[in-house]
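Please open the model in your viewer, with the sequence panel beside it, and follow the stops below in order. Each stop suggests a selection and then describes what is found there.

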Amino acid sequence: MRELICQELVEVITDYIEDRMPAERRLLFEEHVAFCSWCRTYLDQMQDTIRATGSLKEDDLSPETRDALLDAFRNWNPEGV
């Protein structure tokens with residue numbers, strides 16, 4: 001299996017954090033994070049966010065809040081284009 005690139009890591013980070021990643025892919029993920037400081041920082045930030053928000057579930061949100069969050073992320077563009 002080929003090595004993981006940064007963009008792929010970002011796309012599968014939730015599977016890693018939630019322990020839903022196959023063992024071989026998990027090894028590639030961990031090897032990448034060991035050598036890529038940017039991705040290691042990103043993983044740390046994601047884990048910090050999860051710790052800070054606790055176990056917030058969709059049912060914990062009002063319908064209005066849920067819709068506002070979905071709209072915000074649906075229109076979010078990380079490149080500002």
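Is Glu31 buried, partly exposed or exposed? Select Glu31 in this predicted model, and you will find the residue in helix α2. With a relative accessible area of 41%, Glu31 is partly exposed, because buried means under 20% and exposed means over 50%. If you then add Ile13 to the selection and draw a distance between the two C-alpha atoms, the viewer should give 14 Å, for a pair that is 18 residues apart in sequence.

**The whole chain**

Now zoom out and colour the protein chain by secondary structure, which comes to four helices and zero strands. Read from the N terminus on, the elements follow the order α-α-α-α. The radius of gyration of the protein chain is 15 Å, well over the 12 Å that the globule rule gives for 81 residues, so the chain is more spread out than a compact globule. A box drawn along the principal axes around the C-alpha atoms would be roughly 45 × 30 × 20 Å.

With the whole chain still selected, switch to a surface view, where the accessible surface comes to about 6600 Å², and 54% of that surface belongs to carbon and sulfur atoms. Of the 81 residues, 17% count as buried. If you display contacts between residues at least 6 apart in sequence, 51% of these join residues at least 24 apart.

**Helix α2 again: His32**

Return to helix α2, which covers residues 23–35, and select His32 within that helix. His32 has a relative accessible area of 14%, and is therefore buried, the cut-off being under 20%. Which residues does His32 touch, not counting residues up to four places away in sequence? Show the side chains of Leu4, Ile5, Cys6, Leu9 and Cys39, and you have these partners of His32 on the screen.

**The loop between α1 and α2**

Move next to the loop between α1 and α2, and select Asp19 there. The backbone deserves a look at this point, as phi of Asp19 is near 55°, a positive value in a residue other than glycine. Asp19 is exposed, with a relative accessible area of 56%.

Arg20 is found in this loop between α1 and α2 as well, and at 51% relative accessibility Arg20 counts as exposed. Leaving aside the neighbours of Arg20 within four places in sequence, the residues to highlight are Thr14 and Asp15, with which Arg20 is in contact.

**The second largest pocket**

Keep Thr14 selected and add Ile17, Glu18, Met46, Thr49, Ile50 and Thr53, and you have the residues that line the second largest pocket. About 200 Å³ of space lies in this pocket. Helix α1, which covers residues 6–17, and helix α3 each supply at least two residues of the lining, while the largest share, four residues, comes from α3. Colouring this lining by class should give three nonpolar, three polar and one charged residues.

One of these lining residues is Thr49, whose place is in helix α3. At 45% relative accessibility, Thr49 counts as partly exposed. For a distance to draw from here, take the C-alpha atoms of Thr49 and Asp59, which are 10 residues apart along the chain and separated by 19 Å.

**The largest pocket**

For the last stop, which residues lie nearest the centre of the largest pocket? Select Leu56, Leu61, Leu69, Leu70 and Phe73, the residues nearest the centre within a lining of 12 residues. About 500 Å³ of space lies in the largest pocket. Both α3 (37–53) and α4 (63–74) supply at least two residues each of the lining, and α4 gives the most, with four residues. If you colour the lining of the largest pocket by class, eight residues appear as nonpolar, one as polar and three as charged.

To end the tour, show both pockets at once and turn on α3, a helix that supplies at least two residues to the lining of the largest pocket and at least two to the lining of the second largest pocket.

Notes. Residues are numbered from 1 along each chain as its sequence is written. This is a predicted model: local features need pLDDT of at least 70, side-chain atom pairs count only at pLDDT 80 or more; totals for chains, interfaces and linings use all residues. Side-chain values use heavy atoms; hydrogens and water are left out. On a 1 Å grid over the protein atoms alone, a cavity is a set of points where a 1.4 Å probe fits but cannot get out, and a pocket is an open set with protein on both sides within 12 Å along at least five of seven lines; lining residues have an atom within 4 Å of a point. Grid points are joined across faces, edges and corners, and a volume is the space filled by probe spheres set on the points. Ala, Val, Leu, Ile, Met, Phe, Trp, Tyr, Cys and Pro count as nonpolar, Asp, Glu, Lys and Arg as charged, and the others, Gly among them, as polar. The radius of gyration is taken over C-alpha atoms; the globule rule is 2.2 Å times the number of residues to the power 0.38. Buried means under 20% relative accessible area, exposed over 50%, partly exposed in between (1.4 Å probe, protein chains only). Contact means heavy atoms within 4.5 Å. Accessible areas come from the Shrake-Rupley method with a 1.4 Å probe; for residues, only the protein chains shown count as cover.
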